[in-house]
Amino acid sequence: MKPFLTSIMNRRTIERFLLLILGNSIAAFGVAVFILPSGFIVSGATGIGRFVSFLLHGMVPITVSIFVINVLLFVLAWFAMGWHMAGTIIIGTFVYPGFLDFFQRVDALQGLTNDPLVAMVCGAICMGAGTGIVIRAGGSTGGSDVIPLILHAKKSVPIAPVLYILDCIIMLLQIPNATKEQILLGILAELITAIVLDKVQMVGDGEVQFLIFSHEYEKINRRLLALDSGTTLLHAQGGYCGHAENVIICIVSSRKMRLIKDAVLDIDPLAFMTVSAVQEVSGRGFSLDRKTGMAS
């Protein structure tokens, strides 16, 4: 039994690892081949690294600056949030700068286009798609989103406004070393990146329904409730053995599908689950506010 359980866990881990590698490599490709060569202003750890490189008059490569910044933010996340939080960004912390440096060293990838507009669009699409894949895989690219996540966890500060403010500051710092065209195209690149990222995350968007059969239903139910997911327990009877058992019904946004699956399998790798798309959901927590019961 143990080798079988180990193989299930290893398969899930490998799948997530490969998606995180793929997402970081795509994002790094867009930045290394299109964004940085064109001199566009950029947000996140890449923008900070670019600014630091300017301050040091190019004596420190941008990839080195990004790596150091990511490591510092990784350590900050570790001390502030613990290993669980830091573990979600560890791959992006080390893999992203590595891919960035690799793609910059491949001569065949240099000068793919001399058109700034084409470079902006291609770079933005790569950044958005890569980051979207990383987020859907349950990871994080690290960088400037670490600070908003810490503030949200410790002080309940909304993530989005803090992240937008930080990114704006990072982009403003690069303006003295950029032309008007690089500034405008950099801003457009950020907008396209956000749109592509949202589209990647929205693939298959909607609600899904879980039917979960497991002897560990009590632990699973507590875990799902801790994840702010409503559950319902049904008393059922096995058709073959005739044994009484409890079935968990849980309806969540498809964005949380992987989170729910991982939570269940972490407790019971042999749990039997069915996942089906739900055409429409109404009621408390969906069309009605969870606390007040009023229309949302």
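Helices here are DSSP runs of at least four residues, numbered from the N terminus. The model is predicted. One such helix, α3, spans residues 62–81. Helix α3 gives the largest share of a nonpolar surface patch, namely four residues. The patch covers about 440 Å². It is made by V64, F67, V68, L72 and F94. Of these residues, V64 lies in helix α3.

A pair of helices was examined next. Two packed helices are described by the angle between their axes and the distance between the axes. Helix α10 covers residues 217–226, and helix α11 covers residues 257–267. Their axes come within 9 Å. They cross at roughly 150°. The crossing of α10 and α11 is right-handed. On the α10 side, the contact is made by K219, I220, R223 and L224. On the α11 side, I260, A263, V264, D266 and I267 take part. Six residues of this contact are nonpolar and three are charged. No polar residue belongs to the contact of α10 with α11.

Salt bridges were also searched for. The whole structure holds four of them. One salt bridge joins R16 and D262. The closest N and O atoms of this pair are 2.0 Å apart. R16 lies in helix α1, which spans residues 2–38, and D262 lies in helix α11, so the pair ties together parts that are 246 residues apart in sequence.

Note on methods. Residues numbered from 1 in each chain as written. Predicted model: local features only at pLDDT ≥ 70, side-chain atom pairs only at ≥ 80, totals over all residues. Heavy atoms only, no water. Axes fitted to C-alpha atoms, helices over the stretch in contact; angles between N-to-C directions. Helix = DSSP H or I, 4+ residues; strand = E, 2+ residues; numbered from the N terminus. Left-handed = near helix turned anticlockwise from the far one by under 90°. Contact = heavy atoms within 4.5 Å. Nonpolar A, V, L, I, M, F, W, Y, C, P; charged D, E, K, R; others polar. Patch = residues over 30% accessible without salt bridge, like charges linked within 9 Å, V, L, I, M, F, W, Y side chains within 5 Å. Areas by Shrake-Rupley, 256 points an atom, 1.4 Å probe, with all protein chains shown as cover. Salt bridge = Lys/Arg side-chain N within 4 Å of Asp/Glu carboxyl O.
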